[in-house]
Amino acid sequence: MIQKAAPLLISVFCSYPLLVATAKPIADADIPRVNGGDLVSHMTPLRGTIPAQWRVIWKGDASTEATISWSTAEEGSKHQVLYGTDGQTLDKSLDCQVNRAYTVNKGDKPAYYHHARLTGLEPDTNYHFAMESDGKRSRTLYFRTAPASGTGFSVIHGGDSRSGHTDRCRMNLRIAAIARDNRKVLAFAHGGDYIVSGKVWKQWRLWLSQHELTTAEDGRVLPIIPTWGNHDGGVLYFEIFDLDQKTERWHTTRLGKDVAMVTLDTNSPAGGEQAAWLEKQLKDLRPKNRWLMVQYHRPMYPAVKSPARHAPVFCPLFDEYGVDLALEADGHCMKRTVPIRGGKAHPEGLVYLGEGGLGVGQRNTDRKRWYFQDGGKAGSAHHVVLLDITDQSMRSRFILMDGEVWDDYTIKVRK
Amino acid sequence: MNPKLQRGAISLMSVVVLVTMLGAAWPVLFRDGSALAKNLEKRVWVEAVDDRAVAAAMEAELYGEEPPAAEISTHDPGPRIEFVRKADRISAILCILIAAALPFLTRWRRQAAWLCLLPSLWLLLNASAVAMNGGKAYAELAIPAHATRWVLPLALGLLVLMADRMQYTVNWLLRIACASTFAIHGWEAFQLHPGFQDLVFIASGQLGLDLSTDICHILLRGIGLMDGLLALSVLCIHSPKILCWMTFWGLVTAFSRPLTMGWDAWPELAIRLANGAVPLLIIGIGLPALIHNQKSRERSPNPEPVSQES
């Protein structure tokens, strides 16, 4: 009896990730009402060496490089990613360069992370991939590399998923829905504060599992461009996003030759090394890039709190080098300032937008601040910002949990 | 302490407590609320969306952890969050009113000085909320770091209520608070607190100096050591010269906030005013510290504190 049943059991066990992948999709209209507990069937359990908690990470050149990362509950011995440009045949493979244990807290179950750093990719190409750990293979997913040059793509930005598991999951589903409906969306820039306490593995573990919900129904994964929030302290952030703790607290992601996103760290001092690095980056990138964006966690022109202490250092540099857009988080609200230069409203100035609403409870904003008058805007709701980047303009839209648009604003390219 | 000096000390304390309260209440009335309210709001919200039960249900399924004890149950947090925000504003206004009215109330009835406990408790609770909320460098050290600001109203109340009997206690309350604030800030400076680095970078930039990171680190480590020694000295010896320097340094660090961040950051100065005022008050009270030789006894206007206390 057992012998007869064994093949059946084995086949069911091996196809478990596939079963997970084919969980019933959630209708768009149901996203704001779906129960967090009901979404578990859409996530991969962290068991044995089943690849789970996948993410694609972008830093550096997004046209030709990406890191594919996942977690396993057991250490395993062979971890590889199978990939290719054809969804049917994953003709290439790469062994993970990094296989280590997460820094879990005392008494927690161990877990392991695996990073496969892909290089030499073709720009503007769909890369299909499956993660394999000791023979256990994930379903086939894919992501698209950034174009070598030019525009015509979109990026999602959002931050602050640190509490509110159900709303966090709902917002992840919204991101997946946007990616499904808009094939031009390439990446998801997270503005930081993923969880409440960056030193607590259990919180990261759940965030990682829930992050799977950002995967579109057809298996499309949006590469994440990570930012370090003030609640993400500790080593786990660097382990999860394959960043060097000493040299990659701030970094640049080049989305082709024409678009660059500079990620800054508002936990580190603004002055000294970071300021020198930022100035060098902006000086180098500005003449070469049609669009130059910055993202960081603590806002320079906040809608709720006081300005970050980084403002006197960062803002003059943004002004000097004509940064096009500043993406912020931390405030738990929504805002778009008027264009600002030299601390004043200026038609050629820089627009600061965002403030974070990926699940965390929202706060009341102070709409009386000068940078929300005569065209600026502030409000409170869970949201992401969708940026449509073309040669002549960049359109930013705040998309709410129910798919409604709260703000639609277009920036013209600098001459 | 002679009556004139005592009146001066009480006046100074009253002014500093009022300014501290204005600085602490400003974000409550015009910005995002106090640390305490943020903590309570988060608790109310997390409970309303039943975050723990949702997380436990997911953890049970995904990682084989213990399933949640109860079913997920959610409710609208709106009314309770609104209540917390109102209570926050009311308590901030109440503390300001107490601080402002205290000099007049205590002239009418000395027992009114007990009201000083309220601002003291409110500031202490806020310091503990900063520690619990996290998300800031060294937030966990907020209670000892903020000691001067939450001890000062308490010391004021004691001095007004029982000046003759409580000078010794007030002397030690202020010395311990001062030592605690200087020691923690010294430790943070020595550990190269990112915020302190920016104060140094921005201030030097304003002076036209291009400071390297290495120099900034050396400066901060030096400041950290100095603050540590000052903290030790305030407990061990009664030296008006050292206390004068602490007053000056406390005010410099307090003023550094608006000078580097702009005058919109005046509440940051206001809440730190006590760091400069407390050493000055210790000079005014003039009682000895742990180690006091004959010379310091002679200098001290009140050399027999213990017998006075008893």
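**Exercise 1. Establish which residues of helix α4 of chain A are buried, and what they pack against.**

The buried residues of α4(A) are Trp201(A), Gln203(A), Trp204(A), Arg205(A), Leu206(A), Leu208(A), Ser209(A), Gln210(A) and His211(A), where buried means that 20 or more other C-beta atoms, placed from the backbone, lie within 10 Å of the residue's own, with 12 or fewer counting as exposed and values in between as partly exposed. Set against the helix as a whole, which spans residues 201-211, this amounts to nine of 11 residues, and α4(A) is thus mostly covered. Helices here are DSSP runs of H or I with at least four residues, strands are runs of E with at least two, and both are numbered from the N terminus. The next step is to look for the partners: within chain A the buried residues pack against β1 (52-57), β3 (66-72), α3 (165-181) and α5 (236-240), and α3 of chain B joins them from the other chain.

The model is predicted, so that local features need a pLDDT of at least 70 and side-chain atom pairs count only at pLDDT 80 or more, whereas totals for chains, interfaces and linings use all residues. Residues are numbered from 1 along each chain as its sequence is written, while chains are lettered from A and ligands numbered from 1 in the order in which they are written.

**Exercise 2. Describe the side of chain B that touches chain A, by element and by residue class.**

Begin with the count: 30 residues of chain B are in contact with 34 residues of chain A, contact meaning that the C-beta atoms, placed from the backbone, lie within 7 Å. Two or more residues each come from α2 (35-48), α3 (51-63), α9 (194-206), α10 (213-236) and α11 (240-261) of chain B, and α3(B) gives the most, with nine residues. Sorted by class, this side has 16 nonpolar, six polar and eight charged residues.

**Exercise 3. Decide how compact chain A is for its length.**

Chain A holds seven helices and 25 strands. Its radius of gyration, 21 Å, is close to the 22 Å that the globule rule gives for 415 residues, so chain A is as compact as a globular protein of that length; the radius is taken over C-alpha atoms, and the rule is 2.2 Å times the number of residues to the power 0.38. Of those 415 residues, 55% count as buried.

**Exercise 4. Find where confidence in chain B is lowest among its elements.**

Chain B averages a pLDDT (the predictor's confidence in each residue, from 0 to 100) of 91, and 94% of the residues score at least 70. Among its elements, helix α14 (residues 305-309) has the lowest mean, 39.

Key:
Two residues are in contact if their C-beta atoms, placed from the backbone, lie within 7 Å. Ala, Val, Leu, Ile, Met, Phe, Trp, Tyr, Cys and Pro count as nonpolar, Asp, Glu, Lys and Arg as charged, and the others, Gly among them, as polar.
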